[in-house]
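Q: Could you take me through one part of this model in close detail? I'm new to this, so plain language would be great.

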Amino acid sequence: MPSRRRALLAAASALVVLAVATGCSAVGAPGQAGTAAAGTADSATSATDPATSLQAIAPVTNAKSVTGASTATLTTDLPPKASTVDEPELPVTVTDNQDTRVTVTSADRILALDVYGTLSSTVYGLGLGGNLVGRDVSTGFAGTEELPLVTQNGHELSAEAILALRPTVLLTDTSLGPWDVVLQIRKAGIPVVVVDSHRDTSNTDRIIEQVATALGVPETGARLIDEVHAQQEAVAAQVARIAPEAKRDKLRMVFLYVRGNAGIYYLFGQESGADSLIDAVGGRDVATEQDWKGMRPVNAEALVAMQPDLVIMMTKGLESVGGVDGLLQRVPAIAKTPAGQRRRIVDMADTTVMSFGPRTPEIVAALAAAIYAPESK
């Protein structure tokens with residue numbers, strides 16, 4: 001197995017371990033399976049071109065002089081949906097990401113489960129959100145709160161909960177476990193399609209293509225890929241407008257994963273996905289610059305040496321340590337950096353900040369707005 005592939009799988013596994021260890025779970029009231037996500041499309045805010053939200057922004061004159069924390073908030077409640085969607089043409093036989101041949105005969109009852117919430121967003125983007133019958137704890141877009149939860153203790157799959165929903169297809173990856181549950185579902189006769197587990201800003205098209213092919217809507221998938229790419233390019237142009245251009249002026253950033261109640265403090269570096277996110281918002285990933293690979297426990301000496309101007313965090317993670325004041329007390333090394341001295345912490349909802357996929361453009365746009373024009377929020 002190539003070294004990069006091993007690193008990616010190790011990173012995904014590390015994230016699962018972190019999430020399970022925190023006991024991070026959400027309890028949702030079971031709703032009518034297969035109707036909730038589609039039923040909210042009229043009442044929730046539909047996704048629009050995320051670049052529009054950046055066009056009117058006047059960035060701060062000196063991004064390094066900004067003080068205070070800010071929260072990145074999406075302007076939409078729903079993932080982007082392809083402009084035109086097709087009915088599934090099934091059955092189809094696919095070779096999944098583990099070289100397993102799988103035949104899907106029905107997309108009427110879909111489970112799309114991963115640690116990031118990407119796969120359910122992708123199913124929605126393909127126009128099949130109304131066919132989702134359950135959710136993982138990372139799925140948080142409008143309407144899905146009514147779907148039964150099939151993960152427990154954070155991101156641990158429950159075979160009993162999955163089988164009770166009688167799915168006609170399960171889309172997943174290697175970021176969830178235990179793997180014996182996946183094998184049990186497959187043994188029960190339910191088609192299980194395993195897709196790419198890596199997440200960053202560059203492989204959106206691969207995720208969409210794999211999901212669309214498995215659900216018998218390849219043309220819808222191609223359409224969604226083109227539309228999301230166009231949004232990414234538009235957002236990138238706006239970020240280039242508002243972010244400092246010269247390397248010396250770019251904000252030095254790090255992504256910190258925290259669960260204070262479990263004593264977990266991890267710094268994300270190269271090949272974690274956070275590196276591509278920081279690059280997309282026009283920052284310098286100083287963890288990667290110092291050869292910090294994957295996800296590793298915080299090292300105070302290394303963090304001080306990185307001297308970040310800004311720290312990106314998950315909202316619940318920041319809350320778990322009592323906000324910025326609590327973070328500076330629990331991780332004193334941050335107080336010795338420009339980010340700590342200026343209290344420059346930018347947080348974003350756990351269910352979105354690392355989900356990537358079709359929501360990548362709006363995630364990047366929201367973070368860029370919170371970083372370069374916090375007063376506009």
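How many residues lie between S2 and S3 in their hairpin, and which residue in the turn has a positive phi?

A: Keep in mind that this is a predicted model. There are five residues between S2 and S3 in the hairpin, and the one to look for in the turn is Asp 99, with a positive phi of about 65°.

Now follow the two arms of that hairpin. S2 covers residues 92-95, and S3 covers residues 101-104. The two strands run antiparallel, and four bridges join them. If you want a spot to find on screen, look at Thr 93: across from this residue, in S3, stands Thr 103.

Thr 103 is also a handy way into the two faces of S3. Together with Arg 101, Thr 103 belongs to the uncovered face of the strand. Turn S3 over and you get the covered face, made up of Val 102 and Val 104. Read along the strand, then, and you go from Arg 101 on the uncovered face to Val 102 on the covered one, then back to Thr 103 and over again to Val 104.

For a contrast in strand direction, hop over to S4 (110-112). S4 pairs with S7 (residues 169-172) in the parallel sense, over three bridges. Here the pair to find is Ile 110 and, opposite in S7, Val 169. These strands belong to an open sheet of three, in the order S4-S7-S8, with parallel pairing. S4 and S8 are the edge strands, each pairing on one side only.

So the hairpin you asked about is antiparallel, while the S4-S7-S8 sheet is parallel.

Methods:
Residues numbered from 1 in each chain as written. Predicted model: local features only at pLDDT ≥ 70, side-chain atom pairs only at ≥ 80, totals over all residues. Heavy atoms only, no water. Buried < 20%, exposed > 50% of the residue type's maximum accessible area, 1.4 Å probe, protein only. Pairing = 2+ DSSP bridges.
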